[in-house]
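User: I would like to go through this model and understand what stands behind each term used for it. Could you take my questions in turn?
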Amino acid sequence: MSIRHGLLALLERGPRYGSQLRTEFESRTGSTWPLNVGQVYTTLNRLERDGLVAQDGEDDAGHSLYLITHAGRVELRSWYRTPVDRASPPRDELAIKLAMAVGASGVDIRDVIQSQRLHTIKAMQDYTRLKAQALEAAPANRDEIAWLLVLEQLIFQTEAEARWLDHCEARLIRLSQLGNQPTGPASGPATGSAAGAPESGQPGRKLSRKRVARQAAEQAP
């Protein structure tokens with residue numbers, strides 16, 4: 001996440017001081033990625049070093065104000081125009097966990113998948129509930145619209161993660177049926193006690209999703 005460019009975008013609206021930038025950043029993103037004042041001022045110092053912002057005196061309360069420079073505006077416009085680079089994707093803890101769990105001694109990867117699936121679907125339900133509340137309130141300003149966009153991105157992200165977990169489980173079942181044992185201490189095809197696979201050992205995607213959704217709903221506050 002580019003805190004650097006996020007601050008530049010806020011400064012384009014006018015001079016701001018550090019804690020004001022933090023508040024506006026969190027308001028725009030619904031506090032999905034909270035900042036601390038130390039992060040803000042460290043980033044401002046780097047932006048000032050690079051000639052992208054400059055100090056602009058103080059306000060009536062004695063806060064040091066920062067403004068965006070011409071070079072900062074050029075940098076910001078370039079950021080808006082340039083696609084987010086996917087050549088070096090950020091590390092994904094879940095993908096790393098599953099990669100390490102494959103064949104790990106004493107670990108049943110199907111249990112890892114099932115536990116994560118419950119958490120992912122619960123998160124998706126929470127995001128969907130927040131979206132419904134946001135729509136009911138009829139977003140009326142740029143911060144509320146921005147928060148709605150962030151919420152929808154989180155919903156799409158958790159939906160994709162749930163589908164990927166289904167895919168991982170189905171692939172592991174197929175490998176087990178071929179005689180490989182990548183799922184940990186349990187041997188052979190998945191049984192009804194595994195995450196969503198029926199007694200026959202065939203992938204049970206629909207059954208699994210229904211059961212998990214019901215379990216997640218029962219755990220919801």
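User: What percentage of the 221 residues in the protein chain is made up of buried residues?

Analyst: This is a predicted model, and in its protein chain of 221 residues the buried ones make up 35%. The chain has 8 helices and 2 strands, which run from the N terminus in the order α-α-α-β-β-α-α-α-α-α. Of the contacts with a separation of 6 or more, 58% are between residues 24 or more positions apart.

User: Why is T120 called buried?

Analyst: The cut-off for a buried residue is under 20% relative accessible area, and because T120 has 1% relative accessibility, it counts as buried. T120 lies in helix 6, residues 109–136, and, leaving aside residues up to four places away in sequence, it touches T158, E161, A162 and L165.

User: Why is E159 called partly exposed?

Analyst: Partly exposed covers the range between the buried limit of under 20% and the exposed limit of over 50%; E159 has a relative accessible area of 29%, and is therefore partly exposed. E159 belongs to helix 7, residues 142–177, and its C-alpha atom is separated by 7.0 Å from that of M124, although the two residues are 35 apart along the chain.

User: How do you know that strand 1 and strand 2 are joined, and in which direction do they run?

Analyst: A pair of strands needs at least two bridges, and 4 bridges join strand 1, residues 53–58, to strand 2, residues 64–68, with the two running antiparallel. As one example of a bridge partner, A54 has L67 in strand 2. The two strands form a hairpin with 5 residues between them, and in the turn G62 has a positive phi of about 90°.

User: Which residues make the contact of helix 1 with helix 4, and at what angle do these helices pack?

Analyst: Helix 1, residues 3–11, and helix 4, residues 70–81, pack at an angle of about 115°, with their axes 10 Å apart, and their crossing is left-handed. On the side of helix 1 the contact is made by R4, H5, G6, L8 and A9, while helix 4 brings G72, E75, L76, W79 and Y80. By residue type, this contact of helix 1 with helix 4 divides into 5 nonpolar, 3 polar and 2 charged residues.

User: What makes up the largest nonpolar core, and which of its residues touch the most other members?

Analyst: Residues of such a core have to be buried and joined through side-chain atoms within 4.5 Å. The largest nonpolar core has 17 residues, of which L7, L8, L11, L21, L44 and L47 touch the most other members. At least two residues of this core come from each of helix 1, helix 2 (18–29), helix 3 (37–49) and strand 2, and helix 1 supplies the largest share, with 6 residues.

User: Which residues does L21 touch, not counting residues up to four places away in sequence?

Analyst: With those neighbours in sequence set aside, L21 touches L7, L10, L11, R16, V40 and L44. Apart from the largest core, a second, separate core of 8 residues includes L98, I109, C168 and L172.

Key:
Residues are numbered from 1 along each chain as its sequence is written. This is a predicted model: local features need pLDDT of at least 70, side-chain atom pairs count only at pLDDT 80 or more; totals for chains, interfaces and linings use all residues. Side-chain values use heavy atoms; hydrogens and water are left out. Axes are lines fitted to C-alpha atoms, for helices over the stretch in contact, and angles run from 0 to 180 degrees between N-to-C directions. A crossing is left-handed if the near helix is turned anticlockwise from the far one by less than a right angle, and right-handed if clockwise. Contact means heavy atoms within 4.5 Å. Ala, Val, Leu, Ile, Met, Phe, Trp, Tyr, Cys and Pro count as nonpolar, Asp, Glu, Lys and Arg as charged, and the others, Gly among them, as polar. Buried means under 20% relative accessible area, exposed over 50%, partly exposed in between (1.4 Å probe, protein chains only).
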